[in-house]
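Thanks for sharing this one with me. I have gone through it and put my notes together below, so have the viewer open as you read.

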Amino acid sequence: MKSVAILGGGISGLSAAYYLACLSPRTCITLFESSSRLGGWIQTTTTNGVKFELGPRTLRPEENAVQLLRQLHLQDQVVKISKSHPAAQNRFIWYKDRLCKLPHSLASIILNYKMPVLAGLASVFLEPFQPRSNLEDQSLHDFISRRFDPRIASNLVSAVIGGVYAGDTTKLSVRSTFPSLWNYEREHGSVIKGMLKATSKTIQGFEDTSIYSFKDGMQTLPDRLTETLRNISTVDIKTSTEVKHIARSFSGIDVNGKSFSHVISAFPCLSQARLVPCFPRLPTVSVHVINLYYSTENLVPVDGFGYLVPSSEPNPECLLGVIFDSAIFPGGTKLTIMMGGYHYDTVDRIPDDEQVTRRSLAVIKQQLGIKRQPDIINISYHKDCIPQYHVGYWKKMKETHGRILEEYDGRLSVIGNSVAGVGINDCIRGAKTMVENLAKGNRIT
Ligand code: FAD
């Protein structure tokens, strides 16, 4: 019987264990997780009866993740935000000392094209006539500036990307972070033409859903995966067990001295690089997540999802954005401030909790006009939480996969947010695809 070790109990490792147990019920699976809890960056906590997300808070409907939550019988736990909900329609950018609503349709672009934050948006009409480039890769900033207008890159794209990668668009690769944009230029000669030709797949039961979460928070997903895995006799979950050593052995791969026929590594990139020497040490960013709760309702002056801060704005607070959580989960006023990311690359010292509190309250007062003290304030510092796919990442990873294949004789697979994309949907899709490929190649069955 084959034995597989899965390294890391975040969403990538847990989903890989689940897909493997479903596809290959006779394989013995051991999952190693250094922490005493499972879920990795997905973490919902409760303080004085109020729920907070310390990591991700919403998902966009995507086929694999939706299928997974159906398999886990989680449909009745899902909270859907419809496409017409203010949290789906109203997203803002903090620009020139005010909140500017982003257009959400072509009609609203045309109606609002004179707004300063949308300067350069008329380039959308000229983009189909821009020449195609033969570059191997380019930064998001340079790509958007080349095909559209540098003002769009600085005022809009940098803000939106700050909300996903917390990264610097002058360094992040368009080819790896937004492959669809890159491919539209390759295949159609134009991003706009490609977008017009693209068809989006509707997902049954989620046709009108913009984003979703779970009644008891995002932790529901890893918790249900864990519960399901614990009921499968061939799966052994080892929490509080740090992997310190991985090496090729005569019959397979040793993990902490025990031999397995195959290893699936779902580590974050720094552990990956430490334990798998041919894995590159990718750059990462660290983020402060500050959860604020006020028992008074409706303190936020606008109705919507939240706002992001573009790189073009002066930003001594290192603010990435503010999410209005209570727009989705009513009851009091709940906000999440994200601070740091690529801004912390340029500071002498990472601010301590006291400085972060002071900055957060000043931001909320200045930008949202909320002067009162929050009833609850939670501060979490997520060190090295988001890997950065810089220009040339695709090439580096192609070489890495080749070296891993050679050095571990096809017995080691790497998944997780350093290889498959940083969103939860990407992590689930990456785990599923990899397990299916291994099963097809007869490596784990
Ligand atoms: P991780 O969650 O990092 O899991 C890896 C696991 O490996 C960890 O549990 C770790 O303890 C364990 N480990 C590490 N080293 C060892 C070792 N030596 N031995 C044993 N175990 C080890 N995505 C979205 O789709 N939507 C969002 O709204 C969103 N918001 C986010 C907000 C924040 C603040 C952050 C940080 C991320 C957000 N993301 C979001 C991204 C998403 O949450 C992550 O990319 C995803 O959860 C990563 O999952 P993973 O399993 O690949 O890695």
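Here are my points, which cover the two sheets, one helix and the ligand's surroundings.

1. A reminder before we start: this is a predicted model, and my remarks should be read in that light.

2. Let's begin with the parallel sheet. Five strands form an open sheet in the order β9-β2-β1-β13-β19, and their pairing is parallel. At its edges are β9 (235-238) and β19 (412-414), each of which pairs on one side only. From one strand to the next, the twist averages 15°.

3. Within that sheet, have a look at β1 and β13. Strand β1 (residues 3-7) runs parallel to strand β13 (residues 262-265), and four bridges join them. If you want a landmark for this pair, Ile-6 stands opposite Ile-264 in β13.

4. The other sheet is also open, but here seven strands follow the order β7-β6-β15-β16-β17-β14-β18 and the pairing is mixed. Its edge strands are β7 (98-101) and β18 (376-387), each paired on one side only. The twist here averages 25° from one strand to the next.

5. At the β7 end, strand β6 (residues 91-95) pairs with β7 in the antiparallel sense, over four bridges. Trp-94 is a handy residue to find here, as it stands opposite Leu-99 in β7.

6. Next comes helix α1, which covers residues 11-23. Its 13 residues reach 18 Å from the first C-alpha to the last, close to the 18 Å expected at 1.5 Å a residue. The helix is mostly covered, with 10 of the 13 residues buried. Among the buried ones are Ile-11, Leu-14, Tyr-18, Tyr-19 and Leu-20.

7. Which residues come closest to the ligand? They are Gly-8, Gly-10, Ser-12, Gly-40 and Pro-56, out of 36 residues that surround it. Ser-12 also belongs to the buried part of α1. By type, the shell around the ligand divides into 17 nonpolar residues, 16 polar and three charged.

8. Several elements share in building that shell: α1, β14 (284-294), β18 and α14 (424-440) each supply at least two residues. Two of these, β14 and β18, are also strands of the seven-stranded sheet.

9. Finally, where does the ligand lie with respect to the domains? It lies between domain 1 (3-42 + 220-282 + 390-440) and domain 3 (284-387), because both give residues to the shell around it.

Conventions:
Residues numbered from 1 in each chain as written. Predicted model: local features only at pLDDT ≥ 70, side-chain atom pairs only at ≥ 80, totals over all residues. Expected span 1.5 Å × (residues − 1). Buried ≥ 20, exposed ≤ 12 C-beta atoms within 10 Å, placed from the backbone. Pairing = 2+ DSSP bridges. Axes fitted to C-alpha atoms, helices over the stretch in contact; angles between N-to-C directions. Near = placed C-beta within 6 Å. Nonpolar A, V, L, I, M, F, W, Y, C, P; charged D, E, K, R; others polar. Domains from an automatic or database assignment.
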